[in-house]
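Student: I have just opened this structure and would appreciate some guidance. Could we go through it together?

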Amino acid sequence: MQLQISHTTHYQYDKPVDYALQRVHLRPMNMDIQEVNSWALEIDGGRIEASYKDHYGNHSDLISTDPGVRTLAITATGIVTTRDTSGIVGKIYGRAPLWHFLQTTSFTVAGPKIRALSKIVKQSDDHLSGLHALSSAILESVPYKLGETDTKSKAEEVMGIGSGVCQDHAHIFIAAARAAGLPARYVSGYLMMNDRIDQDASHAWAEVHLEELGWVGFDVSNAISPDEKYVRIAVGRDTRDAAPIKGMRLGDSDETMIVSLQVQQ
Amino acid sequence: MMSDDGIRSTYRSYHEWFSEQDNRRLAKKSAQAEALFKRTGITFNVYGQADAEERLIPFDLVPRIVSNSEWTKLAKGIDQRVRAINAFLHDIYNRQEILRAGVLPKKLIAENDAFLPQMIDFSPPGDVYTHIVGTDIVRTGEDDFYVLEDNARTPSGVSYMLENRETMLQMFPELFSKIRVQNVSNYPKNLRRSLEACAPASCDGRPTVAILTPGIYNSAYYEHSFLADQMGVELVEGHDLRIVDGHVAMRTTQGYRTIDVLYRRVDDAYLDPLTFNPNSALGVPGIMDVYRAGNITIANAPGTGVADDKAVYSYIPDIIEFYTGEKAILKNVETYRCSEPDALKYTLSNLSELVVKEVHGSGGYGMLVGPAASKRELSEFAEKLKAHPDNYIAQPTLSLSTVPIFTKKGLAPRHVDLRPFALVSPDGVDITPGGLTRVALKAGSLVVNSSQGGGTKDTWVLED
């Protein structure tokens, strides 16, 4: 499936900004399950200072603002051809060893609630069906709902809140999979929803490593494994590694951020 | 070698000179030296001493003398270790062959706090990780040298090596015409040259080097400013730097100027708030991005602390063999890894005879010197050991050699260690003939750390 993507993140500052930096993951990787036909990153109000591959192989860019700007717009546009592999990414490995993805991070600490959930995986006949059961169980106890959690919410905390968004689902799933002894990672990317062109936000899901299949994706929020409507952008141990944008700025200005995202065929 | 009168042959000429000196004159010289240090401002903040923020490290005017042949062996051994450690770090952050081969347990890397994932799949400019190393060495017998610690992360103390020599030259110029001592004063020039040789490939023209300090409240601030001054490079703080035109650049009166090599004395955790501790005001946001894009050299490289872990230390002889195919020239102190049940058992039943250290610790903090500990201290430490055995290693108490120090009652023996400084670049390993000799000033004491009340003395490596 050929997907056309346009993703703009627009920052508005209430005072001129002397200096701000954004580290972005906004370039999809070229791989067996997705081919990047064309892609461009455009910056209005700033410039790209560094472009490199990070320790997970993610395309990363460091963007600085021009001195004294009040707005910064970062736009990623392009076309990606995807394949449906029933969520199987396969035995593709970077230099980061598998044990690294077994290690917990502050976002993915498994407390009592998540440890209880992780038993579903251990009790299943095979890991794959166990993980699908885990995914359904998470969505049941933490239904998708906007506004109840924020970007800093931790996995176990969200279990207590009782609802969350894709980032929270991915964190809980990762924490539970690791607690069950399986390497797991966070994926950020895009999803084309069938009923609309304008999407609310970029998407996040999880991947677990299985001996037989390699990496396999699970999108808890949509209760499926990623298919040809998904575009992978970046991976990591949690959102901090893979989030599309992470920044800092000097001074006391306040910012408002507006995201505009279109994914269509 | 000792002669019949008990004087090591290396000390013969010095001893001749010393016996002709008047003790009162020397005592006066000793006071002068102290005044000199106070004037230059060479002080050291002692952590954990609330009432004494800054303190002068006591200086002893009797040099520690090393013969040329002893030095040659030491230097060869340090060179070998340093090369192996660099190969090890590159491997650990890339293919991890040493883990696959089962030479080093995976756990020691996976559970190592100093391991930085952000260094995975990356080769720093020139493949150099440890641009500056300060290997701590002790001597237990005529030809028995042991490495205590490798200090691959951020060795400090080189300013003492330079200042101690300078002071000796000022106070006793006649000694240096009588005895031929190898020069150490080229160190700052060599350091600058070595760092320049590690500049990233993207740098054309003469590389710009700068030293990044956490600021005046850091215990080693004196050394940072001293080295910047001696090397003729800028001393900068995090707030002086930002990312400009794809490089880390420092604010100058003529605008921003690119830095090619940053000798940073800021710990990994504080180096880049965008990557590590977000609350750090000491670092440079985005420096890791510029680093991975190949536009700056960070010395020493982030993540080198992996090699300083004391459990990893215990594998250094294996690490040397794995990467160089040679046997280690310098010995390791026998080390019991308390993570291993047998070693823990042995440590607990022999606690009063052992030195126990935290695997991630440095500076002599959190360690137990068994023979010097009270019964209560021993039993309290045993509890800590049982609660977190992985956290500790134990070593036998070495019978460290002594060298003479000057006291009011004349010469007296004290235990010492030695920290020579090695510079690493693609051009090779350069070891300055000399180093920092630390001395335990209390009679019988084995703890030489300046943070624990040790002193220093000049270190002489003799010409042939």
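Student: How far apart are the centres of domain 1 of chain A and domain 2 of chain A?

Tutor: This is a predicted model. In it, the two domain centres of chain A, taken over C-alpha atoms, are separated by 24 Å. Domain 1 comprises residues 2-82 + 244-264, and domain 2 comprises residues 88-241.

Student: How many residues does each domain bring to the contact?

Tutor: Domain 1 of chain A contributes 23 residues and domain 2 of chain A contributes 22 residues.

Student: And which elements supply the domain 1 side?

Tutor: At least two residues each come from β1 (2-17), β2, β6 (69-82) and β14 (255-264) of chain A. The largest share belongs to β14(A), with 5 residues. By class, this side of domain 1 has 13 nonpolar, 9 polar and 1 charged residues.

Student: Now the two chains. How many residues of each are in contact?

Tutor: In chain A there are 19 such residues, and they meet 21 residues of chain B. On the chain A side, β2 (20-27), β4 (46-53) and β5 (59-65) each provide at least two residues. The largest share, 4 residues, is that of β4(A).

Student: What is the make-up of that side by class?

Tutor: The side of chain A that touches chain B holds 9 nonpolar, 6 polar and 4 charged residues.

Student: What does UniProt say about residues 158-222 of chain A?

Tutor: An unreviewed UniProt entry annotates this stretch as "domain: Transglutaminase-like". In the model, residues 158-222 of chain A are 28% helix and 35% strand, and the C-alpha atoms at the two ends lie 18 Å apart.

Student: Turning to chain B, is Glu174(B) buried or exposed?

Tutor: Glu174(B) is exposed, because 9 other C-beta atoms lie within 10 Å, and 12 or fewer count as exposed. Glu174(B) belongs to helix α7 (residues 173-178) of chain B. Its C-alpha atom is 9.6 Å from that of Trp17(B), although the two residues are 157 residues apart in sequence.

Student: One last topic: in what order do the strands of the open sheet in chain B run?

Tutor: The order is β9-β10-β11, a set of 3 strands with antiparallel pairing. β9 (241-244) and β11 (255-258) of chain B are at the edges; each has a single partner strand, so one side of each lacks a neighbour in the sheet. From one strand to the next, the twist averages 50°.

Student: How many bridges join β10 to β11(B)?

Tutor: Strand β10 (residues 247-252) of chain B is joined to β11(B) by 4 bridges. Among the residues involved, Met250(B) has Arg257(B) as its bridge partner in β11(B).

How values were computed: Residues are numbered from 1 along each chain as its sequence is written. Chains are lettered from A and ligands numbered from 1 in the order in which they are written. This is a predicted model: local features need pLDDT of at least 70, side-chain atom pairs count only at pLDDT 80 or more; totals for chains, interfaces and linings use all residues. Two residues are in contact if their C-beta atoms, placed from the backbone, lie within 7 Å. Ala, Val, Leu, Ile, Met, Phe, Trp, Tyr, Cys and Pro count as nonpolar, Asp, Glu, Lys and Arg as charged, and the others, Gly among them, as polar. Domain bounds come from an automatic or database domain assignment. A residue is buried if 20 or more other C-beta atoms lie within 10 Å of its own, exposed if 12 or fewer, and partly exposed in between; C-beta atoms are placed from the backbone. UniProt positions are given in the numbering used here, feature names are shortened, and annotations may be inferred rather than shown by experiment. Two strands pair if DSSP finds at least two bridges between them. Axes are lines fitted to C-alpha atoms, for helices over the stretch in contact, and angles run from 0 to 180 degrees between N-to-C directions.
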